[in-house]
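Student: Please take one strand of this predicted model and give me a close look at it. I want its surroundings, its pairing and the loop leading into it.

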Amino acid sequence: MNYKITTYGCQMNENDSEKISGMLKKMGHVNVEDESQAHIIILNTCSVRENANDKFFGHLGYYKKMKESRPDLILCVCGCMMQQESVIMEIKSRYRHVDIIFGTHNIHELPGLLSDHLEKHEMIVGVWKEGGNIVENLPIERKYDFKAYVSITHGCNNFCSYCIVPYTRGRERSREIDSILMEVESLAKNGCKEITLLGQNVNSYGQTLSKKTTFADLLKILVQVKGIERIRFMTSHPKDLSDELIDAIALEEKLCNHIHLPLQSGSSKVLKEMNRKYDKEYYLNLVKKIKDKIPNVALTTDIIVGFPGETREDFEETLDVLEKSRFDLAFTFLYSTRENTPASNREDQIPEDVKHKRLNRLLEIHNKIGHDINQSYIGKICEVLVEGKSKNNSNYMTGRTDTFKLVNFPGDDSLTGKIVKVKITDTKTFSMEGILED
Ligand code: 5AD
Ligand code: SF4
């Protein structure tokens, strides 16, 4: 059968989708881009914010119509939303056209669930409440040859008071170093140049292993893998980012000069209520330390605007940190109430119009900073890992610097997968332009 997977949300979901694809391919099914050609449709969902949930139910309505004209179509839904009991209940009562439901902890069960459905012709629900042991060696069909996601931890133990992830992805578990190393070595053998290590909090890697290991220990081993030229990682929780790691990034060429360091809020009061376990001073000191030790580092962040009880003064503190930290990129979110999280019960929720006004102010300041940082690249020669043709101009190629800047430049497809030198000539809001250097 042909299958089509649509992935919502973060890199962790993308990596799960690559594994789902790997399993289906191994069973003899064929990955197709065009949904109208697919016999199996899989929606890998995200539940980090409310609008993700709303969009998903909108899509399910659309597939109901599609199934009326194509009754043999098998519709599977999986991912974080399926770990919410209320979602399963709603699907069971209002979206009976869904055929298979599975969760984040048991993607490896998909082949069995699929056979069950084909045998019984009824809705099959297989969701585990808790994550068991990490299942290794699942087949994987990766999107690219030259860059790859490698998950190193699953789940999260931090319980930030706004966040649903610890409930949908379970407790933090680290993969064994040997399993990670084997995966990275096999990637390198197949021509992969860049890996991105994934975890909700990569800095706490190793805490659940029987032999205590740190994230810096893992990196020291991975940088030795021949063929891997760049190592990225995300996400770093500020509370666990060690000096050892900062030193490693400063010293080790292969570790990209880019740290994604979610701030969430600049107000110490709000940070405490968010259960982030650091305050404004700590964060600013950390940023200073990073910038002192890694002079050309790119810092990116996540910021939530309108957390319950956020006053104008609290918000001003966020703007202050924004101006002092000068982030290359900030992913900004309006606070969204998530079922069963501590912050969702608070009565001092911020009105939507106030949230929007604050977000707009924040973006205005951030965009100016981002623009100035990008301008400072003009004239510089950067190493770019070429990812393929530019979407907007087929005579242009596109790729990323080690600082995660998107660069477009005239070139041809033969460069895809190579690391080339590009001189930056111009900047746009979300990208830069350049020319190849010899
Ligand atoms: N509301 C808004 N943003 C959220 N995030 C997580 N939970 C919420 C929420 N309830 C944001 C955080 C996190 C990013 C992945 O999503 O900023 O770092
Ligand atoms: Fe959510 Fe906090 Fe865990 Fe990140 S660290 S996944 S924001 S609970």
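Tutor: In this predicted model, strand β3 is largely enclosed by the rest of the structure, because 6 of its 6 residues are buried. Both faces of β3 are covered. I40, I42 and N44 lie on one side. I41, L43 and T45 lie on the other. In a regular strand the side chains alternate between the two faces of the sheet.

Now the sheet itself. It is open, has 6 strands, and pairs in parallel in the order β2-β1-β3-β4-β5-β6. The edge strands are β2 and β6 (124-126), each paired on one side only. β3 sits between β1 and β4 in that order. Towards β1 (residues 2-7), β3 runs parallel and is joined by 5 bridges. There, N44 of β3 stands opposite T7. Towards β4 (74-79), the pairing is also parallel, over 6 bridges. I42 has C76 of β4 as its bridge partner. On its other side, β1 pairs with β2 over 2 bridges, in the parallel sense. Y3 and N31 of β2 are bridge partners.

Helix α2 (residues 50-69) lies across β3 and β4. Its direction makes an angle of about 175 degrees with β3.

The loop between β2 (30-31) and β3 (40-45) holds E35. E35 is buried, yet has no salt bridge. K4, the nearest side chain of opposite charge, is 6.0 Å away. The E35 side chain does make a polar contact with that of Y63, at 2.5 Å. Residues touched by E35 include I41, Y62, M66 and R70.

Terms used: Residues are numbered from 1 along each chain as its sequence is written. Chains are lettered from A and ligands numbered from 1 in the order in which they are written. This is a predicted model: local features need pLDDT of at least 70, side-chain atom pairs count only at pLDDT 80 or more; totals for chains, interfaces and linings use all residues. Side-chain values use heavy atoms; hydrogens and water are left out. Helices (H or I, at least four residues) and strands (E, at least two) are DSSP runs, numbered from the N terminus. Buried means under 20% relative accessible area, exposed over 50%, partly exposed in between (1.4 Å probe, protein chains only). Lys and Arg count as positive and Asp and Glu as negative; His and the chain ends are not counted. A salt bridge is a side-chain nitrogen of Lys or Arg within 4 Å of a carboxyl oxygen of Asp or Glu. A polar contact is a pair of N or O atoms within 3.5 Å; within protein, one must be able to donate a hydrogen and the other to accept it, and residues adjacent in sequence count only if both atoms are side-chain atoms. Contact means heavy atoms within 4.5 Å. Two strands pair if DSSP finds at least two bridges between them. Axes are lines fitted to C-alpha atoms, for helices over the stretch in contact, and angles run from 0 to 180 degrees between N-to-C directions. Lists of a residue's contacts leave out its neighbours within four places in sequence.
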